[in-house]
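Here are some notes to go with the model you are looking at. I hope they help you find your way around.

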Amino acid sequence: MCGKKTYAVFCFFLMMVFGFFNPVFSQDMEIFFSNELSSDIVNIYDGDSEFAGISDEVILELTSARVDIGLDVVIDFDLNGGPDGDAAQISYNADDFDWFAAFRPADVFEIGFSTDNWLAGSYLVVEDDNVAGSKMGSDGLSVVYSGIPGLKIGATVPFKEFGESNVFEEFVFGFGAEYAVGEILAVGAAVNDILHDMRVVSVSAGFFPAGGVEIYAGYSWQDFSGLCGVWGPHLLNASLAWSGGRFGAGADFLTNFGSEDKDAGESEFDLYAALYGEYRIAEPCLIKLTVSDQSCFGRMEDSVFAVTPGVEFGSGIGDFSLEAEIAFSGSAFEHVCFPVSWTYEF
């Protein structure tokens, strides 16, 4: 996600935080730490099987009234790694690395590095992620103003167009705004890379009525990153969550409406949909079921339908999760794996 120059900016910002603003930061600092150790145990394919490897994700966030910083690092262990695929290796996952730092010189003004500032309606509940183009932030510098009640206005310049002399060869600007009506409704829009033809435009809304219901919906134009393998000139996302008593449920929907211009790098008609349900048997234990479908119409061999039942158990030494994922590609068997994880946080 970030190159050496971005790391340098992050380190400089950390020095600034702990050097100049340490008194402010230390007075009301809150710390969140999470470590998730996970593995799919074994991937069983048609006529073959392999060890699925082990992954460890560490998340650290420090927040205060004036300064927030965070780090998200994933380390992988793979018996089938190495340049030739025949040697075990421990590797740092650059694609899953994330960090952020934000400073608020005033209550209504925030300067952030690598802060996403997602539009509320971009969230997919089951996938637990956001559609890529629907945000007011970037991997670079972002500024957000919230001095008008209910309104946030943001502008951003990504750190991705550095030349050999460590200066911008080309500026990539973006901006957005989101208006919230109390805690019931949030409506927003954003434009990224506004100066070029491949700009990404997104609008979205989140609706949170009473009764444990959450509704998310959005549309993106020219979002070629998307989510869950769905991207293209037009994206529509929708998601729903409900919780009540011992029960919980969620649903996701994302499509690109199809594309006929394959030479432009646009995907064909792709669809991601998922359903999730859970029931808490007792306070420390719940059972859950996820059903997902990633369909690539016109390329059915790339479509994946998966059913994943599981159980979670909470204890004083962390939360344990055990699942069994059965997947099919088109009409043929794809794989079986057994995701397990242990998560400890404070």
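The points below go from the chain overall to single residues.

1. Please keep in mind that this is a predicted model. Its protein chain comes to two helices and 25 strands.

2. A few overall values for the chain may be handy. Of its 346 residues, 37% count as buried. The accessible surface is about 18300 Å², and carbon and sulfur atoms make up 62% of that area. If you take contacts with a separation of 6 or more, 44% of them are between residues 24 or more positions apart.

3. Now to the inside. The largest nonpolar core has 10 residues: Leu62, Val67, Ile69, Val73, Phe97, Trp99, Ala101, Phe103, Phe113 and Phe159. At least two residues of this core come from strand S5 (67–78), and at least two from strand S7 (98–106). Another core, of nine residues, lies apart from it and includes Leu124, Leu227, Val230 and Leu254.

4. For those who like aromatics, the structure holds eight aromatic pairs. Phe33, Trp342, Tyr344 and Phe346 form a cluster linked by ring pairs.

5. Strand S23 (residues 325–329) is a good place to follow the pairing. Strand S21 (residues 304–315) runs antiparallel to S23, and four bridges join the two; in one of these contacts between strands, valine 304 has serine 329 of S23 as its bridge partner. S23 also pairs with strand S24 (residues 332–337), again in the antiparallel sense, over five bridges. Here alanine 327 has histidine 335 of S24 as its bridge partner.

6. What sits in the turn of that hairpin? S23 and S24 have two residues between them, and glycine 330 takes a positive phi near 65° in this hairpin.

7. Two residues other than glycine also deserve a look. Isoleucine 41 has a positive phi of about 65° and is found in the loop between strand S1 (30–39) and strand S2 (42–45). Asparagine 117 has a positive phi too, near 50°, and belongs to the loop between strand S8 (109–113) and strand S9 (123–124).

8. Is each of these two loop residues buried or partly exposed? Isoleucine 41 counts as partly exposed because its relative accessibility is 38%, which falls between the 20% and 50% cut-offs. Asparagine 117 is buried because its relative accessible area is 19%, under the 20% limit.

Key:
Residues numbered from 1 in each chain as written. Predicted model: local features only at pLDDT ≥ 70, side-chain atom pairs only at ≥ 80, totals over all residues. Heavy atoms only, no water. Pairing = 2+ DSSP bridges. Core = buried A, V, L, I, M, F, W, Y, C linked by side-chain atoms within 4.5 Å. Buried < 20%, exposed > 50% of the residue type's maximum accessible area, 1.4 Å probe, protein only. Phe/Tyr/Trp six-rings, centres within 6.5 Å; stacked < 30°, edge-to-face > 60°. Contact = heavy atoms within 4.5 Å. Areas by Shrake-Rupley, 256 points an atom, 1.4 Å probe, with all protein chains shown as cover.
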